[in-house]
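Visitor: Could you walk me through this one? I'd like to start with the open spaces and then move on to the charged pairs.

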Amino acid sequence: MSVESSRILNGYNFQITSHDFKVLTDVPENQGGENKAPSPHDYIEIALASCTAITVQMYAKRKGIPLEYSDVKVQITSESSSGNEILREIRFVGNLTDEQKKNLLMIAEKCPIHKFLSAGAKIKTEMLG
């Protein structure tokens, strides 16, 4: 299980426990929160950006590509009943050829979070206790 518990701290500010880690979440002030931590939407963007960076870095290391790091920016640009859209911008830093950049961009599409979000998910909810 990835998320084990959540505990309200104040208003909409929660502490979430996942494995041995504790993270905070909140919502912006214009939504009634205190803006003390990333929002749940922010965590979706964080998950995609970090997974993308890790995936391309692992590939580059395995293939001997001189990627120093990648700068990944993610933003949810549309959220509606007709469909959701995320903009992901990637800048590869290092002494790279155009072919290496093209390959890294293709690998970014194989990031597990990218594939998960693209496929969608059915959510099953069960009440405990």
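Guide: What follows is a conversation about the pockets, a surface patch, the salt bridges and a few single residues of this predicted model.

Visitor: How much space lies in the largest pocket?

Guide: The largest pocket holds about 810 Å³ of space. It is lined by 21 residues, and those closest to its centre are Ser2, Val3, Tyr43, Ile44 and Ala47.

Visitor: Which helices and strands each supply at least two residues of that lining?

Guide: Two strands and two helices do: strand 2 (13-18), strand 3 (21-25), helix 1 (40-63) and helix 3 (112-119). Among these contributions, the largest share of the lining is that of helix 1, with 5 residues.

Visitor: And by class, what is the lining of the largest pocket made of?

Guide: There are 16 nonpolar and 5 polar residues in the lining of the largest pocket, and no charged residues.

Visitor: OK, on to the second largest pocket. How much space is there, and which residues are closest to its centre?

Guide: The second largest pocket has a volume of about 420 Å³, and of the 15 residues lining it, Ile44, Asn84, Glu85, Ile86 and Leu117 are the closest to its centre. Ile44 is thus named for both pockets, being listed among the residues closest to the centre of the largest pocket and again for the second largest.

Visitor: Which element gives the most to the lining of the second largest pocket?

Guide: That is strand 5, which gives 4 residues. Helix 1, strand 4 (67-80), strand 5 (83-94) and helix 3 are the elements that each supply at least two residues of this lining.

Visitor: How do the residues of that lining divide by class?

Guide: The lining of the second largest pocket divides into 6 nonpolar, 6 polar and 3 charged residues, whereas the lining of the largest pocket has no charged residues.

Visitor: Back to Ile44 for a second. Which residues form a nonpolar patch with it on the surface?

Guide: Ile44 forms a nonpolar patch on the surface with Ile86, Phe116 and Leu117, and together the four residues have about 330 Å² of accessible area. Leu117 belongs to helix 3, and it counts as partly exposed because its relative accessibility is 36%.

Visitor: Switching to charges, how many salt bridges does the structure hold?

Guide: The structure holds 4 salt bridges. One of them joins the side chains of Arg91 and Asp71, with an N to O distance of 3.6 Å. Arg91 is in strand 5 and Asp71 is in strand 4, so this pair ties together parts that are 20 residues apart in sequence.

Visitor: Are Arg91 and Asp71 buried or exposed?

Guide: Arg91 is partly exposed, at a relative accessible area of 46%, and Asp71 is also partly exposed, at 25%.

Visitor: Which other side chains meet in a salt bridge?

Guide: Glu34 and Lys36 meet in one at 3.0 Å, N to O, and Glu126 and Lys124 meet in another at 3.3 Å, N to O. In the first of these pairs, Glu34 counts as partly exposed, with 32% relative accessibility, while Lys36 counts as exposed, with 55%. Glu126 and Lys124 are both exposed.

Visitor: What about Glu89, where is its place?

Guide: Glu89 has its place in strand 5, and at 44% relative accessibility it counts as partly exposed. Glu89 and Glu4 are 85 residues apart in sequence, and their C-alpha atoms are 32 Å apart in space.

Visitor: And how far apart are Val23 and Pro38?

Guide: Val23 and Pro38 are 15 residues apart in sequence and 9.3 Å apart in space, taken C-alpha to C-alpha. Val23 is in strand 3 and is partly exposed, with a relative accessible area of 35%.

Visitor: Last topic, the backbone. Which residues other than glycine have a positive phi?

Guide: Among them are His19, with a positive phi of about 55°, and Asn35, whose phi is near 55°. His19 lies in the loop between strand 2 and strand 3, and with a relative accessible area of 49% it is partly exposed. Asn35 is found in the loop between strand 3 and helix 1.

Key: Residues numbered from 1 in each chain as written. Predicted model: local features only at pLDDT ≥ 70, side-chain atom pairs only at ≥ 80, totals over all residues. Heavy atoms only, no water. 1 Å grid on protein atoms, 1.4 Å probe; cavity = no way out; pocket = protein on both sides within 12 Å on 5 of 7 lines; lining within 4 Å. Points joined across faces, edges and corners; volume = space filled by probe spheres on them. Nonpolar A, V, L, I, M, F, W, Y, C, P; charged D, E, K, R; others polar. Patch = residues over 30% accessible without salt bridge, like charges linked within 9 Å, V, L, I, M, F, W, Y side chains within 5 Å. Areas by Shrake-Rupley, 256 points an atom, 1.4 Å probe, with all protein chains shown as cover. Buried < 20%, exposed > 50% of the residue type's maximum accessible area, 1.4 Å probe, protein only.
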